[in-house]
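Trainee: I am new to this structure and would be grateful for a close look at a single part of it. Please take the aromatic rings as the subject.

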Amino acid sequence: MDARTRNLSPASPAPTAVAGDRPMPPGWRTARSEPSLAGMFASVRTTRQGPFWRKLLAFMGPGYLVAVGYMDPGNWATSLAGGSRFGYALLTVALLSNLMAVVLQSLCTRLGVGAGRDLAQACRDSFPRWVSLPLWLSAEVAITATDLAEVIGTAIGLNLLFHIPLQIGVVITAADVFLILALQAFGFRWIEAFVVAMLGVIAACFGIQIAMADPDWGAVIRGFVPSTDLLANREMLYLALGILGATVMPHNLYLHSGLVQTRAYGDDEQEKREAIKLATIDSSIALCLALVINASILILAAATYHRAGKTDIAELGQAYTFLAPLLGSTLAPTLFAVALLCCGLNSTITATLSGQIVMEGFLNLRMAPWLRRMVTRMIAIVPAVVVTIWAGDKATGRLLILSQVVLSLQLPFAVVPLVMFTASRSKMGPFVAPRWLTLVASLTATLIVALNTKLVWDFISG
């Protein structure tokens, strides 16, 4: 009997089989294998009866871990650069990216709960090896780029607060593996609680800084209105794609489709439908918080650096240094550094979990939890150490922005399979995505591919 069957209420009908023994839908070639994050699978109990808010509370958590990826240090670099260079104009990109994220993460919930597979497992089952292996490599490139941004961001936060050299700070970030293991020992809810607490600190820090900056709220509202300048200005498009890559991140699609399975939601159709609804609400609320924080970063940059004529802010260290004289307070840069450090810690935790899901899902590779996390962590730490030693302190901002553009280029390789799987009735059965949702997701995927094609063409044509 699997974990979800053990947690079914007495009134729930018992499933006919468990996990891999369950009859396989015709769209899948293989039976469901052991889930990724097996130690956390169905480990969080849910409520069958009671008020709606109590049911929702049991599902709240995975969405906030996913939201972390939408406000990581790489996002800071692109938002700071965009706000200082173009003022409030790129707020529309932040809003569009967030709307895309809500749509795509809802599909991840549908895949994880409805099909009982994360995106990596679904790719391994559906595609021949000559397709699935490149997809795996693409996912690893995306995670490495994500980790590079997060490791560098954490190291910069340590440097700004405690004057620890970047190279040493990068190595220190490897310790987050032990933080995950320590929190997991108390249960997956402790990981979620830690992440939510850090998000609260980040939101408070930016709330205070925005109040100090006193932005032009009329210009802020106009910044959310789309402009044709985005396609005409090559530099603006580059930063816009960076924001897109930093917001809709490939590893989040793998992560969310695995994390939703940490809930013990039962195994019949009605229970799964309710689980999809509640998990989608959870992620949508969390992504609204992510939008507020992302917009706050860009608004802060526009209200301080752009207003003062400093349009070339590309380094997080620069942003920290200029905040005090521009806002007339030594508290502002300290809050900036604290928020950056919290972002880095949160992001490295979620990137490590997504690395585990990708490795297990694509390769069906099983290791001891501590070894598996150490391996996925080292995949990111080694490149980050090399980059920081080679590039030094002054190139970290450009590297952060480049890492986000790399993420944007990897997005189609995760988004297109996700839309394909959730639109397939043979794979999803009664949980197939509605046609309107598939249409919106397809338009989203098309827009991402088109923007990336234009970026590559502009790069080739010089």
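Is F421 buried or exposed?

Mentor: The model is a predicted one, and what follows should be read in that light. F421 has a relative accessibility of 1% and therefore counts as buried, the limit being under 20%.

The ring of F421 also has a partner. A pair of aromatic rings is described by the distance of the centres and the angle of the planes. For F127 and F421, the centres are 5.6 Å apart and the planes stand at 35°. The pair is therefore tilted, because that angle is neither under 30 degrees, as in a stacked pair, nor over 60, as in an edge-to-face one. F127 is buried as well, since its relative accessible area of 15% falls under 20%.

As to position in the chain, F421 belongs to helix α20 (residues 412-423), whereas F127 lies in the loop between α6 (119-126) and α7 (129-162). With their positions 294 residues apart, the pair links distant parts of the chain.

The model has four aromatic pairs by the distance rule. Ring pairs also bring in W28, which forms a cluster with F127 and F421.

Two charged residues are placed over the ring of W28. R117 lies over its face, 4.3 Å from the ring centre. K427 has its charged end over the ring of W28 too, at 4.2 Å from the centre. The picture is thus of a cluster of W28, F127 and F421, with R117 and K427 over the ring of W28.

Definitions and conventions. Residues are numbered from 1 along each chain as its sequence is written. This is a predicted model: local features need pLDDT of at least 70, side-chain atom pairs count only at pLDDT 80 or more; totals for chains, interfaces and linings use all residues. Side-chain values use heavy atoms; hydrogens and water are left out. Rings of Phe, Tyr and Trp (its six-membered ring) pair if their centres lie within 6.5 Å; planes under 30 degrees apart count as stacked, over 60 as edge-to-face and the rest as tilted. Helices (H or I, at least four residues) and strands (E, at least two) are DSSP runs, numbered from the N terminus. Buried means under 20% relative accessible area, exposed over 50%, partly exposed in between (1.4 Å probe, protein chains only). A charge sits over a ring if NZ of Lys or CZ of Arg is within 6 Å of the ring centre and within 35 degrees of the ring normal.
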